[in-house]
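Here is a short note for a colleague who is opening this model for the first time. Please read the points with the structure in view.

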Amino acid sequence: MDKDITYKDIAKIIKGEIDLPDEFHEEAAQYNYNLINPNDLLNKNIDDYIKLPEGTRIELIDGRFYNMAAPTLLHQEITGYVFNSFFNHIMSNKGPCKTFISPVDVQLDKDDKTVVQPDVIIVCNKDKLKNNKLVYGAPDLVVEVLSPSNFMMDLIVKKRKYKAAGVQEYWVIVPEDRKTIVHKFIDNTDEEILYNFNEEVPVGIWNDECKVLLGDLELDYE
């Protein structure tokens, strides 16, 4: 696949209009996610991560560093809106859950080899909020907003990691195609539901009591 991935390519992949060869899995995902110096990838751990200069946008996944591109204005508007929807629901219902917006460190596997920074998360077990520094273990719900620089990582590698770690619900928002893909990981299965931006997306972990309508946003960026 060409290196210059666009939002239209992402939409075609999601719709099944672009076929990916069997070998186009984690290796391609890593390539499109802007690997740090390929000669200095392996055997990284949380101590290496902590030593990074403040403000460095890096994720640690299975002992490898991955560079995170700065988010666009479109990305930030969508992320903020979703976070605000979750936050308002929690406050209105005085619920036990917490919601966080990136950057927040998630020690996903409870080991020293993986620390990710999802765009938005919901955590309902406060024991996972470790020392006011990071989330220790899997959030209940994770949201990622796709961009051309991260889409293979979010659709393949991080989706696999989230499912294996115990995330119950995973939202993948595709701005250009104005769609949200919801994955419900139940009993080691993956139930996938596709929503348009003009449809309310229910939060399954809250028994659909909270719904997010991205169609309310005026996403008129060039």
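**Notes on the predicted model**

1. Start with Cys124. With a relative accessibility of 28%, Cys124 is classed as partly exposed. The model is a predicted one, and that holds for every point below.

2. Cys124 has a partner. Its sulfur atom lies 2.0 Å from that of Cys97, and the two residues form a disulfide. A disulfide is a covalent bond that joins the sulfur atoms of two cysteines. The count for this model is 1 disulfide. Where does the pair sit along the chain, and what does it tie together? Cys97 is in the loop between helix H4 (73–93) and strand S3 (98–101). Cys124 is in the loop between strand S5 (120–123) and strand S6 (129–130). The pair therefore ties together parts that are 27 residues apart in sequence.

3. Look next at the geometry of that bond. The torsion about the S-S bond of Cys97 and Cys124 is about 95 degrees, so the disulfide is right-handed. Is Cys97 buried or exposed? Cys97 has a relative accessible area of 7%, which is under the 20% cut-off, so Cys97 counts as buried. Cys124, at 28%, is partly exposed.

4. Now the overall picture. The protein has 222 residues, and 46% of them are buried. Its secondary structure consists of 5 helices and 13 strands. The accessible surface is about 11,800 Å². Carbon and sulfur atoms account for 45% of that surface. Consider contacts between residues at least 6 apart in sequence: 55% of them join residues at least 24 apart.

5. Turn to the largest pocket. Its volume is about 490 Å³. Which residues come closest to its centre? They are Tyr49, Ile50, Asp105, Gln117 and Lys133, out of 17 residues that line the pocket. Helix H3 (residues 46–50) supplies the largest share of the lining, with 3 residues. By type, the lining has 7 nonpolar, 5 polar and 5 charged residues.

6. Helix H4 deserves a closer look. Thr79 is located in H4. Thr79 is buried, at a relative accessible area of 2%. What does Thr79 touch, once neighbours within four places in sequence are left aside? Its contacts are Ile101, Asp119, Val120 and Val145.

7. His89 is in H4 as well. His89 counts as buried, with 13% relative accessibility. Residues up to four places away in sequence are not counted here: His89 then touches Trp206, Glu209 and Cys210. His89 and Trp206 are 117 residues apart along the chain, yet their C-alpha atoms are separated by 9.9 Å. Of these contacts, Cys210 is itself buried, at 4% relative accessibility.

8. Check the backbone too. Most residues other than glycine have a negative phi, and most peptide bonds are trans. Three places in this model are worth a look on that account.

   - Which peptide bond is cis? The bond from Ser102 to Pro103 is, with omega near 5 degrees. Pro103 sits in the loop between S3 and strand S4 (106–107).
   - Lys94 is not a glycine, but its phi is positive, at about 50 degrees. Lys94 belongs to the loop between H4 and S3. Is Lys94 buried or exposed? Its relative accessible area is 74%, so Lys94 is exposed.
   - Asn207 also has a positive phi, near 55 degrees, in a residue other than glycine. Asn207 is found in the loop between strand S12 (201–202) and strand S13 (211–212). With a relative accessible area of 62%, Asn207 is exposed.

9. One loop comes up twice in this note. The loop between H4 and S3 holds Lys94, and Cys97 lies there too. Lys94 is exposed at 74%, whereas Cys97 is buried at 7%. View the two residues together when you inspect that loop.

How values were computed: Residues are numbered from 1 along each chain as its sequence is written. This is a predicted model: local features need pLDDT of at least 70, side-chain atom pairs count only at pLDDT 80 or more; totals for chains, interfaces and linings use all residues. Side-chain values use heavy atoms; hydrogens and water are left out. On a 1 Å grid over the protein atoms alone, a cavity is a set of points where a 1.4 Å probe fits but cannot get out, and a pocket is an open set with protein on both sides within 12 Å along at least five of seven lines; lining residues have an atom within 4 Å of a point. Grid points are joined across faces, edges and corners, and a volume is the space filled by probe spheres set on the points. Helices (H or I, at least four residues) and strands (E, at least two) are DSSP runs, numbered from the N terminus. Ala, Val, Leu, Ile, Met, Phe, Trp, Tyr, Cys and Pro count as nonpolar, Asp, Glu, Lys and Arg as charged, and the others, Gly among them, as polar. Buried means under 20% relative accessible area, exposed over 50%, partly exposed in between (1.4 Å probe, protein chains only). Contact means heavy atoms within 4.5 Å. Accessible areas come from the Shrake-Rupley method with a 1.4 Å probe; for residues, only the protein chains shown count as cover. A disulfide is a pair of cysteine sulfur atoms within 2.5 Å.
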